[in-house]
Amino acid sequence: MSVFTELSREDIETLLDAYTLGHYADHQGISAGTENTNYFVDTNLGQFVLTVFEKHQPEELPFFLALGEHLHDAHCAVPQPFRTAEGEFMVQLYGKPAVLFERVAGQHQQPSLAHAATVAGALGKIHESTGLFSGNRAHSHGISWIRAQQQGLGPELGADDAALLASTLVRLEAIDRSLPQGVIHADLFHDNALFEGDGLAGIIDWYFAGIDLYALDIATCLIDWCLDDQGLPDTAKVANFINHYDQTRPLKPAERAAIPDLTIQAATRFWLSRELALRAHSGTGNVTQKDPQQMKRIVSHLLQNPLAGL
């Protein structure tokens with residue numbers, strides 16, 4: 001279970017004293033997630049999610065929380081971050097920043113054409129809305145981050161993987177970085193979307209969000225929502241996703257042209273970040289791990305078989 005900070009009933013009751021959200025009824029750790037500690041928190045007035053931030057510093061968080069409030073107010077499918085009685089987003093728990101969020105009803109679903117189409121339309125609406133958001137933060141895991149990993153992690157990858165990463169970066173350096181950009185989610189896999197039936201209830205986990213190419217956000221979705229039985233991008237599913245996005249926020253031809261290589265960038269980012277997480281948490285049984293090999297296979301496949309017909 002991905003609970004890094006254990007919280008007692010007394011801890012939660014003390015937390016709730018800072019809000020006007022009711023009195024303690026129950027709390028339970030949430031197993032999903034690899035970066036932060038999350039709990040379901042119930043009071044006599046409602047149900048909430050408590051996030052304790054394990055890596056982010058307090059000064060980093062106002063961007064994400066203001067973004068969540070902005071998107072919620074714009075009627076995007078994003079949970080509301082609650083402010084304390086004094087109007088603050090954050091409280092401190094054991095020296096770590098913590099925030100209470102609206103608990104969104106719904107379940108994670110395995111990707112289907114219907115679910116992917118719904119997410120694509122919602123992502124287009126989010127991108128339209130973030131164009132009106134004044135916050136400014138660079139995407140933490142963009143192309144500069146990948147370049148840095150080649151220097152830091154590359155020598156530890158082994159000769160074959162280091163060669164694959166080098167070949168990949170040659171392709172990525174040719175991408176047009178002047179395409180439309182704004183705040184992107186950057187991690188919109190199916191475990192960050194909640195559905196009630198076929199209806200999208202909420203998009204969660206915005207802590208990789210930052211300013212980057214909108215088309216990169218689409219590409220990130222393609223390597224999770226649009227895979228075939230072998231775990232590789234399916235052309236028909238990719239076209240379905242892009243066409244539903246385009247109905248909400250029409251894509252420029254140059255954006256469509258860049259998506260094949262941006263999909264390689266997205267898969268490379270998750271290959272490397274999962275590799276780093278696996279090494280950091282090796283032998284730790286209470287942390288959810290994701291397989292870097294799946295993303296490496298996608299990188300290798302797309303270098304030889306780029307997406308076409310978009």
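This report walks through a predicted model of one protein chain, from its overall build to single residues.

## The chain as a whole

Start with the overall build. The chain holds nine helices and nine strands. Its C-alpha trace spans about 55 × 45 × 35 Å along the principal axes.

How does the radius of gyration of the chain compare with that of a compact globule? With 310 residues, a compact globule would have a radius of gyration near 19 Å. The chain has 20 Å, so the two values agree.

Now look at burial. Of the 310 residues in the chain, 51% are buried. The accessible surface of the chain comes to about 13,500 Å². Carbon and sulfur atoms own 49% of that surface.

Contacts tell how the sequence folds back on itself. Take the contacts in the chain with a separation of 6 or more. Residues 24 or more positions apart account for 72% of them.

Charge comes next. The chain carries 20 positive and 38 negative charges. The mean positions of these two groups are 6 Å apart.

## Cysteines without a bond

How many disulfides does the chain have? The count comes to zero. A disulfide is a covalent bond between the sulfur atoms of two cysteines. To be counted here, a pair of cysteine sulfur atoms must lie within 2.5 Å.

Take C76. Its closest cysteine sulfur is in C221, 14 Å away, so the pair is too far apart for a bond. C76 is buried, with a relative accessible area of 8%.

Now take C226. The closest cysteine sulfur to C226 is also in C221. The distance is 7.8 Å, and that is too far for a bond. C226 is buried too, because its relative accessible area is 0%.

## Two residues with positive phi

Two residues show a positive phi without being glycine. H75 has a phi of about 65 degrees. A186 has a phi of about 80 degrees.

Where do they sit? H75 lies in the loop between α2 (61–73) and β4 (91–93). A186 is found in the loop between β6 (181–184) and β7 (193–196).

Is H75 buried or exposed? H75 is exposed, because its relative accessible area is 65%. A186 has a relative accessibility of 3%, so A186 counts as buried.

## Four residues in helices and strands

The table places four residues in their elements and gives their accessibility.

| Residue | Element | Relative accessibility | State |
|---|---|---|---|
| G210 | strand β9 (residues 210–213) | 0% | buried |
| E275 | helix α8 (residues 253–280) | 11% | buried |
| V91 | strand β4 | 14% | buried |
| H301 | helix α9 (residues 292–304) | 25% | partly exposed |

The cut-off explains the last column: buried means under 20% relative accessible area, and exposed means over 50%. H301, at 25%, therefore counts as partly exposed.

Begin with G210. What does G210 touch beyond its neighbours within four places in sequence? Its contacts are F63, R137, A138, H139, G182, V183 and I184. G210 and P58 are 152 residues apart in sequence. In space, the pair is 17 Å apart, C-alpha to C-alpha.

V91 comes next. Leaving aside neighbours within four places in sequence, V91 is in contact with L15, A18, Y19, T84, K96, P97 and A98. Consider A18 from that list. V91 and A18 are 73 residues apart in sequence. Their C-alpha atoms are 8.0 Å apart in space.

E275 sits in a helix, α8. Which residues does E275 touch, not counting those up to four places away in sequence? E275 touches L153, L157, P292 and Q293.

Finish with H301. Its helix is α9. How far is H301 from L232 in space? The answer is 7.7 Å, C-alpha to C-alpha. In sequence, H301 and L232 are 69 residues apart.

Technical notes. Residues numbered from 1 in each chain as written. Predicted model: local features only at pLDDT ≥ 70, side-chain atom pairs only at ≥ 80, totals over all residues. Heavy atoms only, no water. Buried < 20%, exposed > 50% of the residue type's maximum accessible area, 1.4 Å probe, protein only. Helix = DSSP H or I, 4+ residues; strand = E, 2+ residues; numbered from the N terminus. Contact = heavy atoms within 4.5 Å. Rg over C-alpha atoms; globule rule 2.2 N^0.38 Å. Areas by Shrake-Rupley, 256 points an atom, 1.4 Å probe, with all protein chains shown as cover. Lys, Arg positive; Asp, Glu negative; His and termini not counted. Charge placed at Lys NZ, Arg CZ, Asp CG, Glu CD.
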